[in-house]
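Please work through the following exercises on nonpolar packing and open space in a protein model. Each task is followed by a stepwise solution.

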Amino acid sequence: MTAPIELWYWPTPNGWKISIALEEMGLPYEMKPVNIGLGEQFGAAFQAISPNGRMPAIVDPDGPDGQPLSIFESGAILQYLGAKSGRFYPQDPRGKAEVDQWLFWQVGGLGPMAGQTHHFRQYAPAIIKDQRQIAYGVRRYTDETHRLYGVMDRRLADRPYLAGDYSIADMAAWPWVLPELQGQDLTEFPNLKAWMERVGARPAVIAGRALGDGMRRSLAASGKAAEAARKVLFGQRAR
């Protein structure tokens with residue numbers, strides 16, 4: 001590589017997916033912080049590589065044709081990094097399909113549903129005074145996250161990782177299993193609990209999860225700074 005991969009990042013579950021992958025794959029990278037609480041994700045420099053205005057994104061200065069390549073969306077980034085490194089992403093059709101289906105399950109299911117659980121359980125109470133207005137959202141998304149935990153628990157009953165061998169599918173799902181924040185009890189899901197511990201003990205996962213940890217601030221906190229951050233993040237419309 002001519003230069004490290006640029007990781008445009010903030011310490012959230014979606015950001016952790018990519019920092020974990022880069023650590024696991026041994027790919028040199030440089031973190032470019034994107035402070036989502038200050039709205040930096042809406043700046044022109046970031047949106048040039050992430051049109052959706054969401055992190056993470058990467059810029060690989062040594063793309064497939066030797067030219068820089070930028071990629072947004074965590075699932076696409078994980079596929080690219082797996083193919084580039086030749087690690088944790090099989091290229092035989094059957095193995096690739098096995099990983100892809102669980103990667104897309106996380107991107108289309110676990111991530112969005114758990115994210116809504118976070119919103120209604122943590123952030124909405126700081127925004128809406130009448131808690132009765134959010135009660136259905138809390139129940140709806142907490143129950144759906146519980147269902148998704150069950151899907152993983154059944155899947156992991158007879159294999160150590162989601163696609164059999166450890167893969168980018170595990171790197172995608174692991175950061176989104178946050179039972180205390182999601183109103184869940186992992187003792188109900190022993191296979192999932194063992195997987196969480198197994199993945200979480202990997203040195204690269206520990207390092208990737210810790211990246212920029214000191215930058216993170218609670219959006220559920222009281223005070224003007226947290227209130228301003230919530231206004232930046234929630235209720236966005238087309239610009």
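The exercises treat the cores and then the pocket.

The model is predicted, so local features need pLDDT of at least 70 and side-chain atom pairs count only at pLDDT 80 or more, while totals for chains, interfaces and linings use all residues. Residues are numbered from 1 along each chain as its sequence is written, and side-chain values use heavy atoms, with hydrogens and water left out.

**Exercise 1.** Describe the largest nonpolar core and the elements that build it.

Step 1. A nonpolar core is a set of buried Ala, Val, Leu, Ile, Met, Phe, Trp, Tyr and Cys residues joined through side-chain atoms within 4.5 Å; buried means under 20% relative accessible area with a 1.4 Å probe, protein chains only.

Step 2. The largest such core holds 51 residues, and Ile58, Leu81, Met152 and Val177 are among those with the most contacts inside it.

Step 3. Elements giving two or more residues include strand E1 (5–9), helix H1 (13–25) and helix H4 (93–127). H4 supplies the largest share, seven residues.

Step 4. Apart from this core lies another of 10 residues, including Trp8 and Val34.

**Exercise 2.** Characterise the lining of the largest pocket.

Step 1. A pocket is an open set of points on a 1 Å grid over the protein atoms alone, where a 1.4 Å probe fits, with protein on both sides within 12 Å along at least five of seven lines; lining residues have an atom within 4 Å of a point.

Step 2. Of the 42 lining residues, Thr12, Ile36, Trp176, Leu233 and Phe234 lie nearest the centre.

Step 3. The largest share of the lining, 10 residues, comes from H4.

Step 4. The lining divides into 21 nonpolar, 16 polar and five charged residues.

How values were computed:
Buried < 20%, exposed > 50% of the residue type's maximum accessible area, 1.4 Å probe, protein only. Helix = DSSP H or I, 4+ residues; strand = E, 2+ residues; numbered from the N terminus. Nonpolar A, V, L, I, M, F, W, Y, C, P; charged D, E, K, R; others polar.
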